[in-house]
Amino acid sequence: MTNANRAGVFLAVACGAATMLPCASGQAPESAPSIAKAGAGPAIGTYHGPNGMPGVDAFAAWLGRDTVWGLDFVGSESWSNVGWPVWWLEAWSKWVKAKPGRRLVLSIPILPGPVDGSGPKQGDSGVNVPVSLEQGAAGDYNSHYRQLAENMVKFGLADTILRPAGEFNGDWYAWRAKGKTAAFAEYWRQIVRTIREVPGAEHVKFCWNPTLGDQQFPADEAWPGDAFVDFVGVDVYDETWHSGTYPWPSGASSAEIERRQRKAWDEWIVHSPRGLAFWTKFAQQHGKPLAIPEWGLVWSSHEHGGQDDPYFIERMHEFIVAPQNNVAFHCYFDVNLSDHGHQLSPGPASSGERTQFPRSAAMFKTLFGGTR
């Protein structure tokens, strides 16, 4: 999620194109299978608030799609949420089972509590006990993930895609990995081993998921190994502090605004260090499908978002559907808050929700609508 969102949720690129990643072979590696049905293209999902099934269904209806995957975030208030996220699992289980083709992408906090590592402030264990990646690497927290796996199996959600420690290359969560990459990688391996050892959970998928750019450190330094990752994920928002992009000057012409939006795409989103070009190549080198678990337009009080930017939607669509990029799934972050937002859809009926991006919403619906 964008810099404006960080704390709130948890408490194709064709070969040879000017802004696209050149592919050495012109083909995605055979060892990087996509989970989408042949010819169906990448799976599309959305986040529409905690336990946001009505919003996900409204998003699907708006697009004229039979099914859309659901993205959600387990709260970081307690260890209980990690091991026994009943509120999430019970509700999502019913939703997933109600219609073929549905799937849950679930973000899991690996260190509950505030960013300072002082430990969870709620729950039935470990309240106010400091937490650390080093303790996770030692296996001290494995029981929580064993319990999580058992509950996923119990609720029939063993095909869920887990996103442990999303955006670990930033500094806004307790699991921030700067200076602790070895501990982070080993903790990740502990989590994957523990979950896979639970009968029935052997095939739970894991998405290793930094956010775009170098942020606090190069995220590839925290790679846990090919055997412990199913998808290389990267979160992509039309938001940047790159020089000459956002915000644009007061009174800027439409041509100047579009020039800056194009510059943000080319120089930041695609070609910055650890931009889309880097992560596409990284995923190919490791034989993994790419995923974009969060992406979205941005309006915000800090004014460093591209706002109503149909160009961003066009380029993201081109990137996502290009076979060379081997994108397995992507989830649009379809929510608005008081000082920032990303929402495109009109939301559930009678919700009163609206988009700040009418031109981009029309472009999104045209490009991603239907059953393509």
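Reader: What makes you say that both faces of strand β4 (residues 161-164) are covered?

Author: Look at its residues, side by side. Ile 161 and Arg 163 lie on one side of β4, Leu 162 and Pro 164 on the other, and all of them are buried. Buried means under 20% relative accessible area, exposed means over 50%, and partly exposed is in between (1.4 Å probe, protein chains only). As for the two sides, in a regular strand the side chains alternate between the two faces of the sheet. One caution: this is a predicted model, where local features need pLDDT of at least 70, side-chain atom pairs count only at pLDDT 80 or more, and totals for chains, interfaces and linings use all residues. Residues are numbered from 1 along each chain as its sequence is written, and side-chain values use heavy atoms, with hydrogens and water left out.

Reader: What makes β4 a strand, by definition?

Author: Strands are DSSP runs of E with at least two residues, while helices are runs of H or I with at least four, and both are numbered from the N terminus.

Reader: How do you know that strand β3 (residues 104-108) and β4 pair?

Author: Two strands pair if DSSP finds at least two bridges between them. β3 and β4 have four bridges, in the parallel sense, so they meet that rule. You can spot Leu 106 opposite Leu 162. On to strand β5 (residues 205-208): β4 and β5 have two bridges, again parallel, which is enough under the "at least two" rule. There, Ile 161 stands opposite Lys 205.

Reader: What makes the unit of β4, helix α7 (residues 181-196) and β5 right-handed?

Author: Point the strands away from you: a crossover is right-handed if the path from the first strand over the helix to the second runs clockwise. The β-α-β unit of β4, α7 and β5 is right-handed, so that path runs clockwise here.

Reader: Why is Glu 167 called buried?

Author: Glu 167 has a relative accessible area of 2%, so it falls in the buried class. It sits in the loop between β4 and α7. Its phi is near 60°, a positive value in a residue other than glycine.

Reader: And why is Ser 350 put in a class of its accessibility, and which one?

Author: Ser 350 has 83% relative accessibility, so it counts as exposed. Ser 350 is in the loop between β11 (340-341) and α11 (358-368), and its phi is positive too, near 65°.

Reader: Why is Phe 278 called partly exposed?

Author: The relative accessible area of Phe 278 is 27%, so it belongs in between the two cut-offs. Phe 278 lies in helix α9. Phe 278 and Leu 212 are 66 residues apart in sequence, yet 9.8 Å apart in space, C-alpha to C-alpha.

Reader: How do you know that α8 has a length close to what is expected?

Author: The expected span is 1.5 Å times one less than the number of residues. α8 has 17 residues, which gives 24 Å expected, and it reaches 23 Å from first C-alpha to last.

Reader: What makes you say that α8 bends, and where?

Author: The bend at a residue is the angle between axes fitted to the seven residues ending there and the seven starting there. In α8 that angle is about 25° at Ala 264. Ala 264 is also one of the buried residues of α8, which include Ile 257 and Trp 265. The buried residues of α8 pack against β7, α9 and α10, where contact means heavy atoms within 4.5 Å.

Reader: What makes helix α2 (residues 53-63) mostly covered?

Author: Eight of its 11 residues are buried. Among them are Phe 59, Trp 62 and Leu 63. Right after α2 comes Gly 64, with a positive phi near 70°.

Reader: What is a nonpolar core, and which residues touch the most other members of the largest one?

Author: A nonpolar core is a set of buried Ala, Val, Leu, Ile, Met, Phe, Trp, Tyr and Cys residues joined through side-chain atoms within 4.5 Å. In the largest, with 88 residues, Tyr 145, Trp 208, Trp 295 and Phe 364 touch the most other members. The largest share of this core, seven residues, comes from α7. Apart from it lies another core of 17 residues, among them Ala 43 and Phe 329. As for Phe 364, the residues it touches include Phe 59, Trp 62 and Leu 63, not counting residues up to four places away in sequence.
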